[in-house]
Amino acid sequence: VKHPRKISGPVEILQDTKAKGKRFLNLPDDDLEPALQASLLCMSVQHKIMSLHPRKNLHTSKRESDSISDKESKWQMDSESSCVRKPREGHPVWTSSSTHAKASESMDQRDMQATTSFIIKGSQKQSVDVSVSTTKYPFTIMKGQIDPMARDFSHFKHSFSVCWSSVVDALEALNKLLRDFAVPLAKVNGEQLVELCLKSDCGWRKTPSAAVLFSVLENQEEVLGLVSRPGQRYRGERGTETAAICIQSCWRRYLARTAYMCHCRRRWAVQVISLSWAMHAQRCRVKRALQARRFSQLENYRSRAQHLAANWKHIRSSKRTIIHIPSLGYSKRQRLNTRRYDILQNIQIGRLCDVRDENVEVIYICPMHLGEDILQCYTSLQKCNGADTRTSQASSCNRRFIILTPEAVDHFPTHNMCLSTLLKYSPRTLKRIKHLIQGKQAYIVGRVGHVDDLAVADELDVPILGPEPAVSQLHSTKSGGRRIFSVAGVDVPPGQGDVYSLDQLYETLAELMTLNIHMQRWLFKINLQRGGCDTAFCDVCHLSCYNWALQRYRRYGPDLWSSKWVQESVLHRYLDDIPEWLAHYAQPAKTSRFLNWSSFLKTFLRQGGVVEAHPPSASVTYLTVDILLEPSGEVTMLSCGDQLHGSCFPDAVGSTVPQTSVHPETLHSICMRVAQACQQHFVGYISVGLATFVDHSTMEQKVWAFNLDIAYSDQLAMTQMLLMMTGGTLNWHTGCLEVPVKGKCSEQQAAAEV
């Protein structure tokens with residue numbers, strides 16, 4: 001509109017617009033009305049979209065108008081002679097009737113847009129409702145190609161010529177999509193396509209997706225059904241090339257993924273190897289550090305032991321502090337298989353009675369928390385030192401013993417750790433012990449040796465009255481005890497130690513039974529176990545060939561029986577019958593520890609053991625002697641008593657002190673020889689187990705040494721309490737317990753009490 005001021009109202013504007021449209025579009029009067037309505041609809045959609053995006057104006061710059069003209073010229077630059085356009089591959093081919101008509105149409109579109117925009121701006125306050133049927137501007141695409149001469153497409157193109165530049169890209173994308181999938185027929189809803197293109201041009205600034213393009217089709221379900229068929233893409237334009245590209249991409253993806261997975265596996269392997277190596281190196285460093293530390297602790301132990309031996313007489317006669325640690329340094333397997341391990345370690349609480357010596361102060365390390373009633377009981381017990389009531393000594397006893405419980409007991413309640421290990425991980429208790437022994441003569445008295453004993457002694461800087469843990473573990477075994485007894489030259493039961501295999505067991509037992517044909521019972525003892533309940537036995541009366549062997553013995557007599565050629569036949573017969581004999585008749589001494597012979601045999605062969613003969617008598621007395629090997633070289637017998645046995649015959653449940661089974665001189669001779677053999681290897685407390693019986697062939701008393709424990713024994717702790725309660729002394733030269741007389745008693749009454 002060149003003179004808008006002369007137009008007074010909407011009616012004049014509409015008439016002028018019709019005249020302009022008739023002149024610009026060169027349409028008859030019947031086609032002018034639909035074209036004008038389509039232009040108004042297009043402008044109204046553009047106006048609504050631009051109201052949502054106020055910064056975007058269709059007439060903001062000259063550059064945008066030039067780009068619109070370029071898009072229009074895409075569809076209007078046909079061949080002047082043949083009206084055929086040759087675009088790049090993938091674009092539709094369009095034809096036109098006259099280049100001059102399209103040029104004039106392209107020149108007049110700007111005026112039409114300006115006019116339509118003016119009409120829309122003039123009528124923004126009015127509500128314009130344009131209802132167009134969905135089939136008003138349809139057109140058809142056959143096999144991805146649009147026929148530009150078709151009436152429906154020409155009608156659609158002329159109706160939306162104002163916004164045709166926005167429709168071109170969408171039509172090209174839709175045609176390419178239909179050719180790619182070889183869609184034979186597609187019916188396009190022109191009205192939705194225009195609305196989609198205007199939205200895309202004003203807001204998205206990118207090519208619509210395939211789903212959006214398919215949404216403008218009226219036969220959308222048919223097209224989607226065809227497109228969704230497997231392999232349909234490869235039937236369309238350049239399908240073979242696309243299939244080849246897809247196959248190549250899949251194969252390359254497979255190769256790349258295979259290489260990546262191989263790389264991941266190698267990287268994982270490298271990480272595992274590097275982590276394992278780092279852990280191995282760290283473990284080796286820690287192991288070397290621990291070995292160096294333990295070697296240092298062992299060297300410190302030896303230097304302190306030399307100092308203790310050099311000053312023992314002075315220490316023994318002066319005031320001193322004894323740190324009692326009743327630790328059971330068993331192996332991990334033994335500790336975990338033992339129930340109530342804390343109670344078992346606390347059995348020797350009678351060590352508190354060492355305070356009966358006025359020069360002794362006791363620090364007792366308890367493996368469990370004691371109640372107030374138990375503490376009061378032992379406090380009152382310390383006041384009763386003998387028969388006389390010496391109040392000064394009784395009152396001082398309470399100040400000369402302290403019971404400490406390591407704090408690690410609460411942190412490791414189920415680990416069955418030995419007491420030395422618990423004390424090692426209890427810094428507060430160690431600090432308190434250091435404070436208590438500061439400036440005093442002190443030493444440690446342990447029980448069963450453990451490497452943590454050296455760590456505790458090194459932390460407290462005090463010596464240990466006992467052997468090194470390795471020496472203790474070597475000689476405390478059943479086989480080690482037999483070696484000590486052999487060096488001492490004392491009588492031992494017929495037997496053999498260090499048995500570790502089943503064949504060795506059978507051969508050893510056959511030889512022993514052949515040499516000692518009168519022995520009726522044979523015992524099997526595990527090396528590392530302590531106590532008689534880890535023993536099994538088997539009687540020869542159940543052996544099928546035993547009577548035949550006795551006949552052979554009586555036939556040749558005792559003199560010829562020692563010859564190898566006489567024993568050979570019996571030995572071979574024993575070897576054949578012993579496996580079945582043991583499997584059927586051997587049984588553990590205590591079934592609560594081992595259910596049957598098979599379970600006992602596994603432990604026996606794993607740890608090694610001893611095969612010994614049971615004393616050939618129905619009346620056998622077992623006794624225990626406790627000896628202190630002092631660092632100065634002296635030997636002191638501290639306790640001796642006859643054992644009391646329960647249901648498990650080799651295991652002692654108590655003892656009677658003093659012993660009355662063996663003459664004191666004979667006992668003294670045996671103990672001195674054993675002590676001298678032990679002093680060559682270690683010092684400290686030892687416990688010797690003896691068995692005495694009457695040999696019916698000679699009617700003489702025999703004493704066999706069968707057990708050696710290098711530890712502070714339960715009997716010694718009980719004897720200390722006995723001496724504390726009675727105020728007496730044990731004279732091991734005479735084998736008497738001397739108790740002072742209470743009050744004014746006659747000599748006969750005193751002798752009767754003794």
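Begin by selecting Leu629 together with Gly684, its bridge partner in strand 15, and keep in mind throughout that the model on screen is a predicted one. Widening the selection to the whole of strand 12 (residues 621-629) and strand 15 shows two strands that run antiparallel and are joined by nine bridges. On to the next pairing of strand 15, where another nine bridges lead to strand 16 (residues 700-709), again in antiparallel fashion; a convenient pair to pick out is Leu690 with its partner Ala705 in strand 16. Strand 15 and strand 16 form a hairpin with four residues between the strands, and there Met699 takes a positive phi near 60 degrees. If strand 15 (residues 684-695) is then coloured by accessibility, eleven of its twelve residues turn out to be buried, so the strand is largely enclosed by the rest of the structure.

Select next the peptide bond from Val657 to Pro658, which is cis, with omega near -5 degrees. Pro658 belongs to the loop that connects strand 14 (652-656) with helix 26 (664-679).

The next stop is an open sheet of five strands, to be displayed in the order 7-11-8-9-10, in which the pairing is antiparallel. Its edges are strand 7 (495-499) and strand 10 (587-588), each of which pairs on one side only. Strand 7 is joined to strand 11 by three bridges, and Gln496 can be found opposite Val611 of strand 11. Adding helix 21 (residues 478-488) to the view shows a helix that packs on the sheet through strand 7, strand 8 and strand 11, with a direction at about 130 degrees to that of strand 7. Helix 22 also packs on the sheet and touches strand 7, strand 8 and strand 11, although its direction makes about 170 degrees with that of strand 7.

With this region still in view, select Phe524, Tyr574 and Leu582, which touch the most other members of the largest nonpolar core, a set of 39 residues. Among the elements that give two or more residues to this core are helix 22 (502-515), strand 8 (521-526), helix 24 (564-585) and strand 11 (609-613). Around Tyr574, leaving out residues up to four places away in sequence, the residues touched include Ala510, Met513, Ile517, Leu543 and Tyr546. A second, separate core has 32 residues, including Phe139, Trp164, Val183 and Leu217.

Move then to helix 9, where Val223, Leu226 and Val227 are buried. Looking down the axis of the helix, one finds its buried residues within an arc of 100 degrees, so they line one face. Helix 6 (164-180), strand 2 (185-189) and helix 8 (210-214) are among what covers them.

Follow the chain into the loop between helix 9 (220-227) and helix 10 (239-310), and select Gln232. This residue counts as buried, because its relative accessibility is 3%, and its side chain reaches the backbone oxygen of Phe181 at 2.8 Å. Beyond its neighbours within four places in sequence, Gln232 is in contact with Asp180, Phe181, Ala182, Leu226 and Val227.

The tour ends with two loop residues. Asn416, in the loop between helix 16 (408-411) and helix 17 (419-424), has a positive phi of about 50 degrees although it is not a glycine; Asp461, in the loop between helix 19 (451-460) and helix 20 (469-475), has a positive phi of about 60 degrees and is likewise not a glycine. Buried or exposed, where does Asn416 stand? Asn416 is buried, with a relative accessible area of 17%, whereas Asp461 is exposed, at 56%.

Key
Residues are numbered from 1 along each chain as its sequence is written. This is a predicted model: local features need pLDDT of at least 70, side-chain atom pairs count only at pLDDT 80 or more; totals for chains, interfaces and linings use all residues. Side-chain values use heavy atoms; hydrogens and water are left out. Buried means under 20% relative accessible area, exposed over 50%, partly exposed in between (1.4 Å probe, protein chains only). A polar contact is a pair of N or O atoms within 3.5 Å; within protein, one must be able to donate a hydrogen and the other to accept it, and residues adjacent in sequence count only if both atoms are side-chain atoms. Contact means heavy atoms within 4.5 Å. Two strands pair if DSSP finds at least two bridges between them. The arc is that of the directions from the helix axis to the C-beta atoms. A nonpolar core is a set of buried Ala, Val, Leu, Ile, Met, Phe, Trp, Tyr and Cys residues joined through side-chain atoms within 4.5 Å. Axes are lines fitted to C-alpha atoms, for helices over the stretch in contact, and angles run from 0 to 180 degrees between N-to-C directions.
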